[in-house]
Amino acid sequence: MYDPVLLYTSPGCPDCAAVRRHLEEHHIAYEERDVTAPGVAEEAKSRYGVRVAPITVIAGEALWGTLAHQKPRLDELLARAQGDGCES
């Protein structure tokens with residue numbers, strides 16, 4: 001198994017909801033952090049160079065943008081981390 005995915009989100013963000021749904025549909029454990037909470041956006045910026053949600057971090061690699069933008073690389077990283085593939 002692998003460490004849970006880290007997902008930076010903001011309330012009411014449709015792109016964040018789409019990434020969250022994608023992870024849940026594929027039974028991927030994730031830790032969610034709200035960028036509107038004190039210090040969280042700054043944490044994301046200092047660690048990953050971006051502070052606009054959604055930011056998905058898996059295996060140390062940060063992806064951001066819409067689900068359509070993240071999905072190819074996200075699924076590739078999940079498949080590699082799981083060792084047995086991730087359905088698309």
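Begin by selecting threonine 56 and glutamine 70, whose side chains make a polar contact with each other at 2.6 Å. As you look at this pair, keep in mind that you are viewing a predicted model. Threonine 56 is found in strand S3, and because its relative accessibility is 0%, this residue counts as buried. If you now display what surrounds threonine 56, leaving aside residues up to four places away in sequence, you will find that it touches Val5, Leu6, Leu7, Val19, Glu61, Ala62, Leu63, Gln70 and Leu74.

**The whole protein**

Zoom out next and colour the model by secondary structure, which should show three helices and four strands. If you follow the chain along its sequence, these elements come in the pattern β-α-β-α-β-β-α. The radius of gyration is 12 Å, close to the 12 Å that the globule rule gives for 88 residues, so the protein is as compact as a globular protein of that length. Taken along the principal axes, the C-alpha atoms fill a box of roughly 35 × 25 × 20 Å. Of the 88 residues, 41% are buried, and among contacts with a separation of 6 or more, 53% are made by residues 24 or more positions apart.

**The nonpolar cores**

Now select Tyr8, Val35, Ile55 and Val57, which are the residues with the most contacts inside the largest nonpolar core, a group of 13 residues. Two or more residues of this core come from each of strand S1 (5–9), helix H2 (40–48) and strand S3 (55–58), and H2 gives the largest share, with three residues. Apart from this core lies another one, of 12 residues, and to find it you can select some of its members, among them Val5, Ala18, Ile28 and Leu77.

Return to valine 57 and show its contacts: not counting residues up to four places away in sequence, valine 57 touches Val5, Leu6, Tyr8, Tyr48 and Ala62.

**A pair of rings**

Two of those neighbours of valine 57, Tyr8 and Tyr48, deserve the next selection. The structure holds one aromatic pair, and the rings of tyrosine 8 and tyrosine 48 form it, with centres 6.1 Å apart and planes at 65°, so the pair is edge-to-face. Since tyrosine 8 lies in strand S1 and tyrosine 48 in helix H2, the pair ties together parts that are 40 residues apart in sequence. Are the two partners buried or exposed to some degree? Tyrosine 8 counts as buried, because its relative accessibility is 0%, whereas tyrosine 48 is partly exposed, with a relative accessible area of 22%.

**The last helix**

Finally, select helix H3, which covers residues 67–82, and look along it to arginine 73, where the helix bends by about 30°. Which residues of H3 are buried? They are Leu67, Gln70, Leu74, Asp75, Leu77 and Leu78. As a general point, an α-helix has 3.6 residues a turn, so residues three or four places apart point the same way. The buried residues of H3 pack against S1, helix H1 (14–25), S3 and strand S4 (61–64). Gln70, which is one of these buried residues, is also the partner of threonine 56 in the polar contact where the tour began. Just after H3, you can stop at glycine 83, which takes a positive phi of about 80°.

Conventions
Residues numbered from 1 in each chain as written. Predicted model: local features only at pLDDT ≥ 70, side-chain atom pairs only at ≥ 80, totals over all residues. Heavy atoms only, no water. Core = buried A, V, L, I, M, F, W, Y, C linked by side-chain atoms within 4.5 Å. Buried < 20%, exposed > 50% of the residue type's maximum accessible area, 1.4 Å probe, protein only. Contact = heavy atoms within 4.5 Å. Polar contact = N/O pair within 3.5 Å; in protein donor to acceptor, adjacent residues only side chain to side chain. Phe/Tyr/Trp six-rings, centres within 6.5 Å; stacked < 30°, edge-to-face > 60°. Bend = angle between axes of the 7 residues up to and from the residue. Rg over C-alpha atoms; globule rule 2.2 N^0.38 Å.
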